[in-house]
Amino acid sequence: MEKIFLLTVLLAATAACVRPPADDPKHIVVWEQEDAQVAPYIDSVFRAFEKLPGNEGVTITRTHYQTEDLRQQFQAASLAGVPPDLLLGPSDTAGLYAISGFIIPLDGMFDFSKFNKQVVDAISLDGHIWGVPVSNGNHLLLFYNKKFIKDAPKSTGDLFSFCDKNSGEDKLESCMAFDSGEPFWLMPWLGAFGGWPIDGRKPTLDTQAMRDALNFYLYLKYDKKYIPMECDYNCMDSLFKENKTAFIINGDWAISGYQKQLGRNFGIGLIPKLSQTGRWPTPMVSGKYFTVSAGVGPEKMEIIKRLLNFYTDYDNQVRQYKELTRLPALKAAAAAPEITSDPVARVSMEEIRKGRPMPMATEMRAIWDSARNYMGLATTRKMDVDTAVRRMQANAVKKIQEMDR
Amino acid sequence: MDILRSVYQVAGFIVLISLGVAVLEGYFYYHFKYYARSWFFPAALTVFPLLALAGYYGVTWEHPLRVWAYFVAAEALVCAAFRNIVKGRNTLPYLLLAPAFVGLALLLVYPFMFEVYLSFHDLKLTTIMMWKNTGHIPFVGLRQYWNVFTTSPLSEVSFWALVGRTLVWTFSNVFFHVLGGFALALLLNNSIRFKGVYRTLLVIPWAMPQVVAVLAMRGEFHATNGFVNIVLGRIAAAFPFLAHLGVGPVQWLSDYPLLTCTIINVWLGIPFMMVVILGGLQSISSSYYDAADIDGASYFQKLRYITVPLIRPVLMPALTLGTVWTFNNINVIYLVTGQAGGTEQADILVSALYKAAFTYNRYSYSAAFAIVVFAMLFFISVFYLHGFDAAKDER
């Protein structure tokens, strides 16, 4: 027993004398939370970069996590001092990392003027830009079934006249469907009524625009019965795929799925102009971004700069669209003939131009949470709209204060 | 190649664990063997902390004085325990149990202690980097506990209302779990044909992954296409007088989210109680019932005076477990209401805690909240077990 113990201690002591390998500046670790079909594309760009002249010895390791796991693992790894060098993900969690000091601002390191303004604005906070955009979108659009209507309605007036003729007994189960419980789906209409949930870092929920937007929901749901009484994401998705509704408002992530499902009957259009105000709805626009961990050394940062410039160059941005149907963040690539000649991409780009950047401020967490709760209460008639809107604002302010307690 | 790498990683992990166990066993072996020698205490205080520091240095490439002091203190505690409590007795059992004890301490005790530590400090988004860079988090004493009782992670529901709702949720669920489980177990305890088939069918809700079961049931409560509303609609159409009494389709998820969660959770929880109670019923000797039959006891008298007292030893731990699981059941609440952008009508303590920790990143507040939830569960469990002991004493 004693000999075994002494031997083990000796082994442990020897191991203790082995210095851990220093961070290799030529080895870049990337964590992402993309869908499985995106991984081959990412890997192909990384492998192409490794083969470029001047990149001898550079290796890139990609690790996949589920969205929520990525957030938790990245926080834990950053605290432990062993974060990945790059993160590839949406902008909503970047605010969290920026406030925590886990990622660094990238102003001055890249030429951000070459990217679309909305997508850059969506990753800007406190006057700094925190990520390099690789795709543009994550925005809502109108999808329609050509079996019921040939062209997309241009205004809510057109939409409602169609619904009046085609809803009811023995016709469509509901004229249109969207996730009426999620405030993300309310934002286009809020914008069309002239509102927005945040101004800088201050919540702006107690507005006439918010009242009008919630009353608009009640009108669609109870007065006209154009939308289902209770419908979440899965419900609206099923209704559309099963030809039980003519229209759905869903994100650009659903394009390929609906194209496959509906085939010749697939139709896509802008969310119709709100006839009441004459304004276009303003879906929130963001994208996917590379963010850089705090603590990346200067030598590695040089390689990262080259890698991200390569990843977002014209050829790769166009190829990304061809392979993944993701709209490019690069202005020049957005004007490429491959994209402008595609009617689906054209509509999607047009909707992006009508949208507004998704705010990255951490205060949005309190705003989403408060909006979701009071919107739910108001649109199920458990609370009157005026009270709901006042409490929505008060609660968001309170929760923001509590976040600092 | 990927498979080979995985095999290599797993093998390396096993070797590492084995080495760790060997080091632990050797460490405790020396303590057992020499604890009474006068030279051992100073020698152990010198050698073991230095070896531990060497291991720490090997892993982190750092050797702070603070860590060495911790190792010395820990070694002093271990030596004192060996000298005054263990005293060299039961060497083999302790040596065999040592790795498990240390594993438990690392996996349970350390996180719990850290949770307690956090609850007296102020870790949140804006202090997290300070913690990383300086190892320091501002100490705030009992402030987080005060915040737990005076504020709520929810908008419209206070902490105390949340406690009340959680207790109603827990006890209503457990009551129906036991009632349903007991009834089904009594049925299955009879000699009926295809008993095994029934038992298998009844266990399915418990055996299948909870996510699948909950999402499937959630679909059945959909306002338009759900099975429940379709049935209610048909009943109301077939019996108009029932429709006049208010029977008809309901917006379950919007209007009655907590009731919907309760119905789903009752359906999920009954099989567990059924299996436990059935085990208890099958262990009761038939001679008790034979004697009762001779005495002319009715079915309900046998149930009251034989069955219920004799399954109590099986039922009480299951009841305690069921209460703790239901109290902490975030899955059903989240899957039924959270996904649908639900309002707060179905939130219970743990779902509110989740929101505080992962929506608002209030880590210290959440730690204090978790300690309070733990304390509640601890007292409920003690109350149950005390009741069980009292019942045992009566017998």
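**Exercise 1.** Determine how far apart the centres of domain 1 of chain A and domain 2 of chain A lie, and describe the side of domain 1 that touches domain 2.

*Solution.* Taken over C-alpha atoms, the centres of domain 1 of chain A and domain 2 of chain A are separated by 29 Å. The bounds, which come from an automatic or database domain assignment, are 23-137 + 285-357 for domain 1 and 140-282 + 362-403 for domain 2 of chain A. This is a predicted model, in which local features need pLDDT of at least 70 and side-chain atom pairs count only at pLDDT 80 or more, while totals for chains, interfaces and linings use all residues. Residues are numbered from 1 along each chain as its sequence is written, and chains are lettered from A and ligands numbered from 1 in the order in which they are written.

Next, count the contact, where two residues qualify if their C-beta atoms, placed from the backbone, lie within 7 Å: domain 1 of chain A gives 13 residues and domain 2 of chain A gives 12 residues. On the side of domain 1 that touches domain 2, the largest share, six residues, comes from α15(A), helices being DSSP runs (H or I, at least four residues) numbered from the N terminus.

**Exercise 2.** Work out how helix α8 of chain A and helix α17 of chain A cross.

*Solution.* The axes, lines fitted to C-alpha atoms over the stretch in contact, with angles from 0 to 180 degrees between N-to-C directions, come within 10 Å and cross at roughly 130 degrees for α8 (residues 208-223) and α17 (residues 385-403) of chain A. Therefore α8(A) is oblique to α17(A), since angles under 35 degrees count as roughly parallel, over 145 as roughly antiparallel, 65 to 115 as roughly perpendicular and the rest as oblique. Finally, A:M210, A:R211, A:L214 and A:N215 in α8(A) meet A:V385, A:D386, A:A388 and A:V389 in α17(A).

Conventions. Helices (H or I, at least four residues) and strands (E, at least two) are DSSP runs, numbered from the N terminus.
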